[in-house]
Amino acid sequence: MYGAGKLSLVGLLVMVGEGSLAQLFVGSAISFFFFALHTKLEPYRHGEDNLFRTSTEIFLFFFILIALVLKSLDRAGVNASEALTRSYYDAFLCILFSVTVP
């Protein structure tokens with residue numbers, strides 16, 4: 001149970017402003033760090049498990065990175081000079097998920 005005066009295990013991301021660009025940046029940096037660490041150590045016994053973890057870390061990194069891009073686009077307003085719209089990023093994430101996770 002969560003309550004006043006109780007300790008709870010929380011992630012580093014709650015230390016950064018909730019829903020902010022800084023939180024997305026820190027999240028992408030953490031995601032990349034764990035991707036690199038996992039790739040270097042390969043902690044699982046089976047190669048398939050290591051490959052699955054690596055591919056999901058790649059997807060998570062790009063997911064957070066695109067969330068950062070979309071949030072900054074929302075803050076700046078839709079700019080006519082932007083080559084890619086929200087639908088392109090959605091399609092990229094759907095294709096990336098189909099390739100990396102299953």
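Reading along the sequence, you will meet the pattern α-α-α, and the chain has three helices and zero strands in total (helices are DSSP runs of H or I with at least four residues, strands are runs of E with at least two, numbered from the N terminus). This is a predicted model, where local features need pLDDT of at least 70 and side-chain atom pairs count only at pLDDT 80 or more, while totals for chains, interfaces and linings use all residues. Residues are numbered from 1 along each chain as its sequence is written, and side-chain values use heavy atoms, leaving out hydrogens and water.

Let us start inside. Of the 102 residues in the chain, 22% are buried (under 20% relative accessible area with a 1.4 Å probe, protein chains only; exposed is over 50%, partly exposed in between). The largest nonpolar core has eight residues: Phe-59, Ile-66, Leu-70, Leu-73, Tyr-89, Leu-93, Leu-96 and Val-101 (buried Ala, Val, Leu, Ile, Met, Phe, Trp, Tyr and Cys joined through side-chain atoms within 4.5 Å). Helix H2 (47-76) and helix H3 (86-100) each supply at least two residues of this core, and H2 gives the most, with four.

Phe-59 is a good place to pause. Leaving aside residues up to four places away in sequence, Phe-59 touches Leu-93, Leu-96, Phe-97, Thr-100 and Val-101 (a contact means heavy atoms within 4.5 Å). Across the chain, 52% of the contacts with a separation of 6 or more join residues 24 or more positions apart.

Now turn to helix H1 (residues 21-41), where Leu-41 is found. Leu-41 is exposed, with a relative accessible area of 56%.
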